[in-house]
Number of protein chains: 2
Amino acid sequence: MTNEQYPSKLLERAVSEFARLPGIGRKTALRLTLHLLRQDSAAVHAFSESLTRLRDEVKYCRVCHNISDTDVCDICANPLRDASTICVVENIRSVLSVENTGQYHGLYHVLGGVISPMDGIGPADLELESLVERVAAGGVREVILALNPTMEGDTTNFYISRKLAPYPDVRLTVLARGVSVGDDLEYTDEVTLGRSIVNRVELAQEKNGL
Amino acid sequence: MTNEQYPSKLLERAVSEFARLPGIGRKTALRLTLHLLRQDSAAVHAFSESLTRLRDEVKYCRVCHNISDTDVCDICANPLRDASTICVVENIRSVLSVENTGQYHGLYHVLGGVISPMDGIGPADLELESLVERVAAGGVREVILALNPTMEGDTTNFYISRKLAPYPDVRLTVLARGVSVGDDLEYTDEVTLGRSIVNRVELAQEKNGL
């Protein structure tokens with residue numbers, strides 16, 4: 001389908017642009033493009049303006065580097081949030097995931113990725129220095145490392161633990177790994193199941209957590 | 001996930017716009033939006049300009065109503081195409097599908113839909129009058145009805161056959177229906193399989209066709 005001939009260069013270009021988005025093939029790109037073509041001109045302008053405005057006007061919080069409309073994001077600026085706890089995450093999607101649980105009331109620190117020598121991403125490419133500065137400024141009691149459970153995530157956790165070693169009063173924690181709620185033991189991988197046995201918790205404690 | 005709180009109104013708006021596209025849920029919309037956010041500003045502007053330009057500048061061929069950059073599309077303007085055959089299709093996607101087969105060298109007529117009383121689409125909403133005019137102008141020897149094999153497609157075929165009744169010299173044909181190439185008889189629905197038996201062709205003829 002890639003050498004498909006389109007009857008219009010404008011159509012061709014719009015489809016190609018859509019097909020550059022991740023997970024969008026040319027068939028889907030054509031379907032989306034033809035859908036937009038059927039909409040009001042105003043609706044298409046609204047769609048495209050929302051993208052350029054986001055790209056050109058969005059800010060990143062100067063404290064936690066989360067996406068924001070203001071210099072300091074709503075979470076960092078909220079006096080009701082617990083400023084003594086920082087949850088370190090890889091990206092904005094992780095912030096949204098943690099926020100959705102409704103279980104976390106501290107602040108965040110968005111690294112913008114994880115250390116990955118294979119992809120040429122070193123500590124200097126991430127917001128690691130600013131994390132150390134936040135901890136050094138004082139008032140932080142706990143740093144929760146909530147990176148994705150991959151080798152790169154573990155490497156980054158190790159790097160952060162070394163950088164924060166001069167602050168022994170700051171508690172360093174990681175997300176509990178274990179069997180997913182609603183999951184079947186039969187289909188849980190053995191590493192996860194193994195960790196969930198080693199890190200088993202008292203029934204009374206588990207009930208408190210929920 | 002629909003009542004998810006986004007840290008930025010600009011992000012919220014862009015995600016909502018993406019999520020209005022068919023088949024794009026909010027999770028995918030967020031992924032696409034954050035992807036664009038990581039691109040150069042110029043790339044995002046190019047993407048969004050390609051959509052608004054398509055919507056505002058695209059033309060429809062005044063002969064066959066296919067999408068086009070010019071008043072008369074490349075297919076209608078091509079002297080090498082057989083102007084005595086018109087393939088009637090529902091939409092632009094069908095034109096691309098038939099063109100992709102490389103088996104058709106005539107012209108097209110894009111109806112812009114099919115007659116569907118349930119959706120409030122009557123003959124007047126489609127390019128049916130202009131099809132009759134093209135046939136009435138003379139020079140057409142065959143009209144191939146290549147609508148999707150649905151009840152609405154069949155209704156439209158019947159309507160066209162009535163409208164073209166005054167031109168008995170024009171041959172009216174429909175696409176052959178039968179077992180898909182590479183398909184298993186076991187999984188072919190009985191209506192299709194039944195028609196493929198009734199309309200069976202000589203082996204020699206079938207080989208010629210390929």
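Select Val88(A) and its surroundings. Setting aside residues up to four places away in sequence, Val88(A) is in contact with His109(A), Leu111(A), Leu131(A), Val143(A), Ile144(A), Leu145(A), Ala146(A), Leu147(A) and Ile160(A). Contact here requires that the C-beta atoms of two residues, placed from the backbone, lie within 7 Å. The model is a predicted one: local features need pLDDT of at least 70, side-chain atom pairs count only at pLDDT 80 or more, and totals for chains, interfaces and linings use all residues. Residues are numbered from 1 along each chain as its sequence is written, while chains are lettered from A and ligands numbered from 1 in the order in which they are written.

Stay on Val88(A) and add Val88(B). These two have the most contacts inside the largest nonpolar core, which has 84 residues. A nonpolar core is a set of buried Ala, Val, Leu, Ile, Met, Phe, Trp, Tyr and Cys residues joined through C-beta atoms within 7 Å. Buried is the label for a residue with 20 or more other C-beta atoms within 10 Å of its own, exposed for one with 12 or fewer, and partly exposed for one in between; these C-beta atoms too are placed from the backbone.

**The sheet of chain A**

Next, show chain A as a cartoon. Its strands in the order β4-β3-β5-β6 form an open sheet of four, with parallel pairing. Strands (E, at least two residues) and helices (H or I, at least four) are DSSP runs, numbered from the N terminus, and two strands pair if DSSP finds at least two bridges between them. At the edges of this sheet are β4 (106-110) and β6 (171-174) of chain A, each pairing on one side only. Ignoring direction, neighbouring strands are turned by 25° against each other on average; the axes are lines fitted to C-alpha atoms, for helices over the stretch in contact, and angles run from 0 to 180 degrees between N-to-C directions.

Zoom in on residues 142-145 of chain A, strand β5, which pairs with β6(A) in the parallel sense over four bridges. Opposite Ile144(A), in β6(A), stands Thr173(A).

**The sheet of chain B**

Move to chain B. Here too an open sheet of four strands runs in the order β4-β3-β5-β6, with parallel pairing. Because β4 and β6 (171-174) of chain B are at the edges with a single partner strand each, one side of each is left without a neighbour in the sheet. From one strand to the next, the twist averages 25°.

Select β3 (82-89) and β4 of chain B: the two pair in the parallel sense over five bridges. Asp82(B) has Gly106(B) as its bridge partner in β4(B), and Ile86(B) stands opposite Leu107(B). Is β4 (106-110) of chain B mostly covered or mostly open? It is mostly covered, with four of its five residues buried.

Pick Val110(B), which lies in that strand. Val110(B) counts as buried because it has 25 other C-beta atoms within 10 Å. Residues up to four places away in sequence aside, Val110(B) touches Cys64(B), His65(B), Asn66(B), Val89(B), Asn91(B), Ile92(B), Val95(B) and Glu127(B). His45(B), 65 residues from Val110(B) in sequence, is 32 Å away, C-alpha to C-alpha.

**Where the chains meet**

Now display both chains. 48 residues of chain B are in contact with 48 residues of chain A. On the side of chain B that touches chain A, at least two residues each come from α1 (9-19), α2 (26-37), α3 (41-57), β2 (67-68), α4 (74-77) and α5 (92-101) of chain B. α3(B) gives the most, with 14 residues. By type, the residues of this side are 23 nonpolar, 12 polar and 13 charged; Ala, Val, Leu, Ile, Met, Phe, Trp, Tyr, Cys and Pro count as nonpolar, Asp, Glu, Lys and Arg as charged, and the others, Gly among them, as polar.

For a contact between the chains, select Leu34(B), in helix α2 of chain B. Leaving out residues within four places in sequence, Leu34(B) is in contact with Ile92(A) and Arg93(A). Leu34(B) is partly exposed, with 19 C-beta neighbours inside 10 Å.

**The axis**

Finally, superpose the chains. A rotation of 180° with 0.0 Å of shift along its axis brings chain B onto chain A, with an RMSD of 0.1 Å; the fit is by least squares on the C-alpha atoms of residues with pLDDT of at least 70 in both copies. This is the relation of a two-fold axis. The same surface serves both copies, as 100% of the contact residues of chain B recur in chain A. To find the axis, select Ser48(B): of the residues of chain B, its C-alpha comes closest, at 2.3 Å.
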